[in-house]
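Subject: Structure for you to look at

Hello,

Here is the structure I said I would pass on. Please open it before you read the notes, and keep it on screen while you do.

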Amino acid sequence: MQMIIHAICIVLYLWLLPTNNIADGKRILAISISPWYSHQAVFRTLFTALNKRGHELVVVTSRPMRDPTLKNYTEIQVSAVIEVLPEFNEFIQSKSLSLFEKNMYLMRFLNNIDQRAFKEPGMIKLYRHDNNEKFDTVIIEALTGPAFYAMAQRFNVPVIEVSSVGMYNCQRYFRGYPIAASHPSNWENYVKEASSMWQKLQNFFHTWMFIYTWANKFMIMEQEITNKYFGNDAPNVMDAMKNISLTMINDNPILRYARPEQPNVISFSGFHINKIPPTLPGDLRRFLDNATEGFIYVSLGTTASWSNLSKELLGKFVEVFSKLPYKIVWKYDSDEWSSRKLDNVFISKWFPQQGVLAHPNIKLFIYQGGLQSTEEAVHYAVPLLGFPIIYDQHSRLQRLASLGIAIYLKIEELTAENLDEGIRRILSDKSYKENMIRMSVLAKDQPYDSMENAIWWIEYVMKHKSRMHYLRVNGIDKPWYQLCDIDIIALLSTTLFVIACAAALIILQILHFLFRHFCAPRTSLQKFLSVRSSAKRDALKSKPSRK
């Protein structure tokens, strides 16, 4: 009888287990509309992991997966966003634009993306007032414009922000985070390591100019979108940006410039890296297996395009590659160059990159400094040579070069000579490989699984329905000069200035007193003696001489 009771209990437990998982599952609205595949790779991995934990997801995305095996996973495609990519690819190759012009273009570009997304039928159905959808939280891509943060107020739920790159300083500014204006971690302004006071001044100016422009140009454009589509219920976009429960940044602290962050900022890394590298196609695998001297992998990722580079610059790569005693695997997006011109080169428009980087014969990875590619290279311990093209890539490659795992070349100063020199230097100097192996070990050695930690925090927010005010900066609504203690500095400076002026005035009065009472009589005596001496000389001159 006892055995029958145990058997019934086990059956009931197994029957109730799936039911409990469903009951504990939450409903999540996720918005990630950036048009770049490399960014979407991060979000896809996170969203599918949340789905496997039993949560239902409604995902607004520019690049849907359309995976029929996923249950309780609805995708709303905003395909119009992809149409702006050709224009952006031309922009990032421009050398004539100033930093201010580049930042203004970026803001107009992001605003254009937001406008296109809000006009999509799926989005209209989602945010309209008669929509009875219910969610437990909204996860928003940080690169998305602030207009989307109004979705949290629309459904009255906490907001979780996820960034596939670093955090903008403007986001830090609106939330009261410390702004290290001259620090090289400010990736959005092409800042450099401050080796001089002049460089620090440039970094400082560019950072604050970006924040000012974002607040007074971009936020106004985003507010117009919010007012247009949310009507009388439209929140203030600046207030919406402050009301973030959690910010998650795809950035390994070991590989970035260290800077202070707030408790509700969580770092993660390597979401998209496969536990088992993908299998290589047969012809590629044979090519790499036969590269007994080693091979070099070359790719600009999914954002930049080789076809947008000048023919002169491409010619430099062809010239250098043709003279190297190594095989080259070149991810190239055009049919203009063919492998017949370079016997040692395998050219294709796509490669299973992680499988290539995991191959034991690889010697070097030449790339543009993208974050996802960097994570993969560090994971597989492949030294890097990079020439950044846009935004965060500059700061990242500077940092990697300072760690001794990469060589940083400026694309506008790239020549066949310095490209060849950089390649041969990495291949001949064993320290680059040794440093990369060490950094790979450090990057992987973490006290917890990065994905599990990220999911724990997301579920924490949903479990407590928390806006996590207790992890935010105290006095976030104070003016910037109070957050930066400028008022205290001004008070102390004014006080010290007044004290210094009063002390100087007192000293001058004392000196004046001493001069009048001690120096003046002595001066009168000197005048008397001078006059007497002069009269005596005149008398001697007038006295007749004796013959």
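The notes below cover the nonpolar cores, then the cavities, then the largest pocket. Please keep in mind that this is a predicted model.

Nonpolar cores

The largest nonpolar core holds 91 residues. Within this core, the residues that touch the most other members are Leu29, Trp214, Trp306, Phe321, Trp330 and Ile423. Helix α4 (residues 99–118) provides the largest share, 9 residues. The core takes at least three residues from domain 1 (25–272 + 448–473) and at least three from domain 2 (282–444).

Ile423 is a useful place to start looking. Leaving aside residues up to four places away in sequence, Ile423 touches Ile296, Val320, Phe321, Leu324, Leu364, Ile366 and Leu385. Phe321, one of these contacts, is also listed among the core residues that touch the most other members.

There is a second core, separate from the one above, with 31 residues. Among them are Ile273, Phe287, Phe295 and Ile405.

Cavities

The model has 4 cavities of 30 Å³ or more. The largest cavity encloses about 290 Å³. Its lining is made up of 20 residues, and Ser185, Trp187, Asp251, Arg256 and Tyr257 are the ones nearest the centre. By type, the lining of this cavity has 9 charged, 6 nonpolar and 5 polar residues.

Which helix gives the most to the lining of the largest cavity? That is α14, with 4 residues. Helices α13 (371–379) and α14 (392–402) each supply at least two. Domain 1 and domain 2 each contribute at least three residues to this lining.

Largest pocket

The volume of the largest pocket is about 1100 Å³. The pocket is lined by 46 residues, and those nearest its centre are Tyr37, Ser38, His39, Gly301 and Thr302. In this lining, 22 residues are nonpolar, 18 are polar and 6 are charged.

Helix α2 (37–52) supplies at least two lining residues, as do α3 (85–91), α12 (353–357), α13 and α14. The largest share comes from α2, with 6 residues. Domain 1 and domain 2 again appear together, with at least three residues from each in the lining of the pocket.

To find your way around, you could colour the two domains and then look for three things that draw on both: the largest core, the largest cavity and the largest pocket.

Regards

Note on methods: Residues numbered from 1 in each chain as written. Predicted model: local features only at pLDDT ≥ 70, side-chain atom pairs only at ≥ 80, totals over all residues. Heavy atoms only, no water. Core = buried A, V, L, I, M, F, W, Y, C linked by side-chain atoms within 4.5 Å. Buried < 20%, exposed > 50% of the residue type's maximum accessible area, 1.4 Å probe, protein only. Domains from an automatic or database assignment. Contact = heavy atoms within 4.5 Å. 1 Å grid on protein atoms, 1.4 Å probe; cavity = no way out; pocket = protein on both sides within 12 Å on 5 of 7 lines; lining within 4 Å. Points joined across faces, edges and corners; volume = space filled by probe spheres on them. Nonpolar A, V, L, I, M, F, W, Y, C, P; charged D, E, K, R; others polar.
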